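Work through the exercises below with the sequence and the model side by side. Try each task before you read its solution.

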Amino acid sequence: MSEQQVEADPAQEHHEGGFRPIETLARDNSVGGPHYGEFIEQVRTLMDHVRLADPSDELALEAIDTLKALNAKLGAAVGAEWDAPAWHRTDLPARGNITLPPFLVDKVSREGVHARITFRTFHLGGNGAAHGGHIALGFDDLLGMTAAVHTRAVTRTAFLHVDYRSITPLNTELTVHGWVEKWEGRKVFVRATLHDGDRLCAEAHGLFLLLKQGQQ
């Protein structure tokens with residue numbers, strides 16, 4: 001088990017509800033350097049390979065040694081949560097966040113978010129289809145963005161309901177659309193659809209809550 005701790009920024013005056021002020025997010029695509037995107041792509045490719053790999057013991061031992069050396073180097077480069085490039089790199093799929101299925105935003109406004117998302121080999125559930133949990137994860141992040149853009153405030157997911165209507169294919173660019181259905185006080189009701197061409201793969205609805213001052 002990793003002993004790496006995720007550190008928050010100690011400068012609490014720069015937070016709203018335990019988060020960075022929304023105005024400071026995604027404002028600097030230079031963090032991480034000019035090769036950060038290729039770095040993330042290579043990590044994603046590694047994840048894809050590991051998902052289906054059946055290495056010989058010799059290869060496994062070689063890979064372990066390589067990964068130990070790489071982890072030691074990367075460990076020295078780990079900083080605070082708020083300084084991570086993934087918070088800012090809107091020029092990269094999923095803002096450079098490898099925990100998310102990669103998506104590219106085409107249009108974002110108070111009327112909603114339109115994006116393209118691709119579930120890779122790493123996201124395999126079974127029989128060539130994307131895992132339902134990864135689909136829900138994609139909805140959650142994009143609907144959080146939808147709620148934040150609409151309200152200009154930070155929100156947390158209260159609930160998310162996903163209906164899986166048909167198979168969601170891997171390694172295929174899909175379209176996703178999220179929008180705010182209703183906003184009542186702290187409650188933001190959202191909806192989204194996921195399509196492969198004209199075919200509906202999944203749809204979601206949920207409730208996001210605006211955070212109170214100082215609430216995490």
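pLDDT is the predictor's confidence in each residue, on a scale from 0 to 100. This is a predicted model: local features need pLDDT of at least 70, side-chain atom pairs count only at pLDDT 80 or more, and totals for chains, interfaces and linings use all residues. Residues are numbered from 1 along each chain as its sequence is written, and side-chain values use heavy atoms, without hydrogens and water.

**Exercise 1.** Find where pLDDT stays under 50.

Solution. Start with the average: the protein has a mean pLDDT of 90. Next, 86% of the residues score at least 70. Now look at residues 6–11: here pLDDT stays under 50. The model gives this stretch eight contacts (heavy atoms within 4.5 Å) beyond four places in sequence. Where pLDDT is low, predicted coordinates should not be read in detail.

**Exercise 2.** Work out the order of helices and strands along the sequence.

Solution. Use DSSP runs: helices are H or I, at least four residues, and strands are E, at least two, numbered from the N terminus. Count three helices and eight strands. Then read along: α-α-β-β-β-β-α-β-β-β-β.

**Exercise 3.** Is Arg44 buried or exposed, and what does its side chain reach?

Solution. Locate Arg44 in helix H1, residues 36–52. Arg44 is buried (under 20% relative accessible area, 1.4 Å probe, protein chains only). Check for a salt bridge (side-chain nitrogen of Lys or Arg within 4 Å of a carboxyl oxygen of Asp or Glu): Arg44 has none. Glu41, the nearest side chain of opposite charge, is 5.4 Å away. Finally, the Arg44 side chain reaches the backbone oxygen of Asn97 at 2.9 Å.

Key: Buried < 20%, exposed > 50% of the residue type's maximum accessible area, 1.4 Å probe, protein only. Lys, Arg positive; Asp, Glu negative; His and termini not counted. Polar contact = N/O pair within 3.5 Å; in protein donor to acceptor, adjacent residues only side chain to side chain.
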